[in-house]
Amino acid sequence: MLAISLLVLLHEGGHFFFSKLFGVRVEKFYLFFDPWFHLFEFKPKNSDTAYGIGWLPLGGYCKIAGMIDESFDTEQMKRPVEPWEFRAKPAWQRLLIMIGGVLVNFLLALFIYSMVMYHWGDEYIAVKDMKMGWKFNQTAKDIGFQDHDIILGADGKLFERYDVDVFRGIADAKTVQVIRDGKQINIAMPDDLSLIAMLQEQPQFCRPFIPAEIDSVMPETPAAKLGLKKGDKILAINGKAVDSWNEFTNQIGILQDVMTTAKNTADSIKVRTVSIVVDRQAGTAPDTAQVVLTPELLLGIGQTSIYTYYEPTKLTYNFFSSFPAGIKYGINILRGYVNDLKYVATADGAKSLGGFGAIGSLFPPVWDWLQFWRMTAFLSIILAFMNILPIPALDGGHVLFLLYEMITGRKPSENFMIKAEYVGFTILILLMIVANLNDILRWLGYM
């Protein structure tokens, strides 16, 4: 709520700034919407603007006099044009007023990323350092990948850091370059590979190879009762070989599927009773033992992570060098987001749409200033891009009509603008319903 409130206030503040700059009257400046009533409203003496907080937290608005917007105030448009109205101003001024919000959100995102670089620096695992290679699922192996392949890049461009851009690059590539047995190999990629499918498949298309080495053991758990210790390696579960945490997670997932068929306690205990093979790192033969997992199918161990085996690359910036680094980072985020929009029209893409629940899940469960500012910057870029789309009722729709007017010299009729606003508003409401319905279905376990 804090992040969205901040972004909405500054977005509407962009419209407000240019409106005031060009002498256009702003009648209302609201955080959240206020159909039927508001929580708070204040109008300073000798001011034309009422400032307030609505009760419906779906955004906010800046009601600009003489403009057809989501308020649908058609009565005002029937009156003679006043010099302080939006419609009385030249097209270039109206254009700046309309892009003011998007401009503020985009610049805000770049500024936040720059300050994150300045205060926290940048830290990532370099792809070239991942010498144990990757673990691949059957889809990837059918294409030509093999476990422990070291991914270098795609279409001749080397991957720099381990993040979603690696998966995005693989999905869009014609060829992927890997190191196998000390030699570089080009793997031809199919044309229909989807980033969403890659990430949603279980097990995933590819993940860094992380040995199934125990990092810690929780007290009073099945692992503790079995005498497992830090450094022990799990080699098999129920006779299925386990060479990495990818395989371990996959085997637990299979047990979870079987657990759904359990009808009573006896069935549950039968599923939870598993045989594991452990290398206890003591120079002896691997130990085979039976253990009863918790009702949640937990063994009670902490897993090693990518940071256990690879030293992260750390970059620091002074105040001035943080700006080009932050701008580069922000533009790369925007580029990736725009690239992924091509999946929205697909069935998997439509299912991946999310509303307020999805936005909330982006933030960590405990307060973290670094993640707060990163997510706020990310949402700011999304808000900027989505608002500039040429959809009526969005800023981009108004910009489209203004550009038409500036090019042709003809202004669209007010009747057309009102109808377009209704169409655009309907599209936005439908998208919002679909996105939030997806959140509900995911919460209920149907997606």
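In this predicted model, helix α5 (residues 164-172) packs against helix α11 (residues 322-340) at an angle of about 45°, and their axes lie 12 Å apart. The two helices, α5 and α11, are therefore oblique to each other. The crossing in which α5 passes α11 is left-handed. On the α5 side the contact is made by Asp165, Arg168 and Asp172, and on the α11 side by Asn332, Gly336, Asn339 and Asp340. It is worth pausing on the make-up of this contact: between α5 and α11 there are no nonpolar residues, three polar ones and four charged ones.

A second helix pair offers another composition to look at. The axes of α3 (residues 91-120) and helix α14 (residues 369-388) come within 8 Å and cross at roughly 155°. With angles over 145 degrees counted as roughly antiparallel, α3 and α14 are therefore roughly antiparallel to each other. Their crossing is left-handed. The residues of the contact of α3 with α14 comprise 18 nonpolar, four polar and one charged.

The third pair is formed by helix α8 (residues 245-259) and helix α9 (residues 265-272), which pack at an angle of about 165° with axes 10 Å apart. That angle makes α8 roughly antiparallel to α9. Here the crossing is right-handed. Leu255, Val258 and Met259 represent α8 in the contact, while Ser268, Val271 and Arg272 represent α9. Sorted by class, the contact of α8 with α9 holds four nonpolar residues, one polar residue and one charged residue.

Attention now turns to the empty space in the model. Rolling a probe the size of a water molecule over the atoms shows where such space is left. A search of the whole structure finds two cavities of 30 Å³ or more. The largest cavity holds about 50 Å³ of space. Its lining consists of Ile237, Phe248, Ile252, Leu255, Val274, Ile276, Leu293, Leu297, Leu298 and Leu299. Both α8 and β13 (273-279) supply at least two residues of this lining, and the largest share, three residues, comes from α8. By class, the lining of the largest cavity has ten nonpolar residues, with no polar and no charged ones. Readers following Leu255 will meet this residue twice, as it belongs to the contact of α8 with α9 and also lines the largest cavity.

The second largest cavity contains about 40 Å³ of space. Tyr113, Val116, Met117, Gly121, Asp122, Tyr329 and Arg374 form its lining. Helix α3 provides the largest share of that lining, three residues. The lining of the second largest cavity divides into four nonpolar residues, one polar residue and two charged residues.

Open space was examined as well. The second largest pocket encloses about 560 Å³. Its lining comprises 25 residues, and Pro203, Gln204, Arg207, Trp245 and Asn246 lie nearest the centre of the pocket. Two or more lining residues come from each of β4 (134-136), α4 (138-143), β9 (206-208) and α8. Helix α8 again deserves a mention, as the largest share of the lining of this pocket, eight residues, comes from α8. By class, the lining of the second largest pocket has nine nonpolar, eleven polar and five charged residues.

Pro203, one of the residues nearest the centre of the second largest pocket, is also notable for its backbone. A cis peptide bond joins Gln202 and Pro203, with omega about -5°. Pro203 is placed in the loop between α6 (195-200) and β9. Strand β9, which follows in the description of that loop, is itself among the elements that give two or more residues to the pocket lining.

One further backbone feature is found in strand β1 (residues 26-42), which contains Phe32. Phi of Phe32 is near 70°, a positive value in a residue other than glycine.

Taken together, these results place α8 in several of the settings described. Helix α8 packs against α9, gives three residues to the lining of the largest cavity and gives eight residues to the lining of the second largest pocket. Helix α3, for its part, crosses α14 and contributes three residues to the lining of the second largest cavity.

Key
Residues numbered from 1 in each chain as written. Predicted model: local features only at pLDDT ≥ 70, side-chain atom pairs only at ≥ 80, totals over all residues. Heavy atoms only, no water. Axes fitted to C-alpha atoms, helices over the stretch in contact; angles between N-to-C directions. Helix = DSSP H or I, 4+ residues; strand = E, 2+ residues; numbered from the N terminus. Parallel < 35°, antiparallel > 145°, perpendicular 65-115°, else oblique. Left-handed = near helix turned anticlockwise from the far one by under 90°. Contact = heavy atoms within 4.5 Å. Nonpolar A, V, L, I, M, F, W, Y, C, P; charged D, E, K, R; others polar. 1 Å grid on protein atoms, 1.4 Å probe; cavity = no way out; pocket = protein on both sides within 12 Å on 5 of 7 lines; lining within 4 Å. Points joined across faces, edges and corners; volume = space filled by probe spheres on them.
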